[in-house]
Amino acid sequence: QVQVAESGGGLVQAGGSLTLACVVSGRTVRESDIAWFRQTPGKEREFVAAIRRAGTGGRTYYADSVKGRFTISRDAAKSTAYLQMNSLKPEDTAVYYCAVDSTLILSSIRTAEQYDYWGQGTQVTVSS
């Protein structure tokens with residue numbers, strides 16, 4: 001059984017940084033497609049970043065709104081994926097979710113419905 005658990009959210013001032021962690025059990029992060037999505041009340045879940053499984057090259061992908069500020073990575077030894085968030089803005093405020101899958105095609109990497117396993121989410125609040 002695959003389990004996903006996020007941590008690291010909190011309150012930070014605009015311009016600050018946070019690192020979110022996503023611990024995955026039941027499968028290896030190296031051979032998983034892992035993504036971060038975020039959601040605010042009344043809105044659909046929004047793609048933030050993804051890292052492809054190593055068997056397909058391990059490439060990273062980002063939403064335009066976070067490119068250059070956020071970095072997704074993984075540590076296979078710790079079975080953990082990370083989202084390093086720098087230069088945070090108030091509009092980055094949301095619940096952040098980690099999603100895991102292993103069979104996605106490239107065109108599905110940004111689609112929330114394509115991921116099979118999700119964490120419970122962690123709140124990130126950026127004050128102005």
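# Notebook: strands, a disulfide and an aromatic cluster

I began at the end of the chain and noted that Q13 has S127 of strand β11 opposite to it. The model I am reading is a predicted one, and I kept this in mind for each entry below.

**Entry on strand β11.** I followed the pairing outward from that position and found that strand β2, residues 10-13, runs parallel to β11 and is joined to it by four bridges. I then looked up strand β9, residues 94-101, which is joined to β11 by three bridges and runs antiparallel to it. In that pairing A94 stands opposite V124 of β11. Which residues of β11, residues 122-127, lie on its covered face, and which on the uncovered one? I found T122, V124 and V126 on the covered face, whereas Q123, T125 and S127 belong to the uncovered face.

**Entry on T93.** Just ahead of A94 I stopped at T93, which I located in the loop between β8, residues 80-85, and β9. Is T93 buried or exposed? Neither word fits, because its relative accessibility is 23% and T93 therefore counts as partly exposed. Leaving aside residues up to four places away in sequence, I listed what T93 touches and obtained T40, Q123, V124, T125 and V126. I also looked up how far T93 is from R27, and noted 30 Å between their C-alpha atoms, with the two positions 66 residues apart along the chain.

**Entry on β1, β3 and β8.** I turned next to strand β1, residues 3-7, and found that it pairs with β3 in the antiparallel sense over five bridges. Within this pairing E6 stands opposite C22 of β3. I then checked β3 against β8 and found six bridges joining the two strands, which run antiparallel. Here I noted that V23 has T80 of β8 as its bridge partner.

**Entry on the disulfide.** C22 came up again when I searched for disulfides, and the count came to one. Which cysteines form it? I found C22 and C98, with their sulfur atoms 2.0 Å apart. The pair links distant parts of the chain, since C22 belongs to strand β3, residues 18-25, while C98 belongs to strand β9, and the two are 76 residues apart. I read -75° about the S-S bond, and the link between C22 and C98 is left-handed. Both C22 and C98 are buried.

**Entry on aromatic rings.** I counted five aromatic pairs in the model. For F37 and F47 I noted ring centres 5.8 Å apart and planes at 75°, so this pair is edge-to-face. I placed F37 in strand β4, residues 33-39, and F47 in strand β5, residues 46-51, so the pair ties together parts that are ten residues apart in sequence. F37 and F47 are both buried. A further edge-to-face pair is made by Y115 and W118, for which I recorded 6.3 Å from centre to centre and 70° between the planes. Are these two rings alike in how buried or exposed their residues are? Y115 is buried, because its relative accessible area is 4%, while W118 counts as partly exposed, because its relative accessibility is 25%. I then asked which residues form the aromatic cluster, and found F37, F47, Y97, Y115 and W118 in one cluster.

**Entry on R45.** Two rings of that cluster also have a charge over them. R45 lies over the face of Y97, at 3.8 Å from the ring centre, and the charged end of R45 sits over the ring of W118 as well, 4.7 Å from its centre.

**Entry on the whole chain.** I left the overall view until last and counted zero helices and eleven strands in the protein. The radius of gyration is 14 Å, close to the 14 Å that the globule rule gives for 128 residues, so the protein is as compact as a globular protein of that length. I noted that the C-alpha trace spans about 40 × 30 × 25 Å along its principal axes. Of the 128 residues, 44% are buried. Finally, I looked at contacts between residues at least 6 apart in sequence, and 59% of these join residues at least 24 apart.

Technical notes:
Residues numbered from 1 in each chain as written. Predicted model: local features only at pLDDT ≥ 70, side-chain atom pairs only at ≥ 80, totals over all residues. Heavy atoms only, no water. Buried < 20%, exposed > 50% of the residue type's maximum accessible area, 1.4 Å probe, protein only. Pairing = 2+ DSSP bridges. Disulfide = S-S within 2.5 Å. Phe/Tyr/Trp six-rings, centres within 6.5 Å; stacked < 30°, edge-to-face > 60°. Lys NZ or Arg CZ within 6 Å of the ring centre and 35° of its normal. Rg over C-alpha atoms; globule rule 2.2 N^0.38 Å. Contact = heavy atoms within 4.5 Å.
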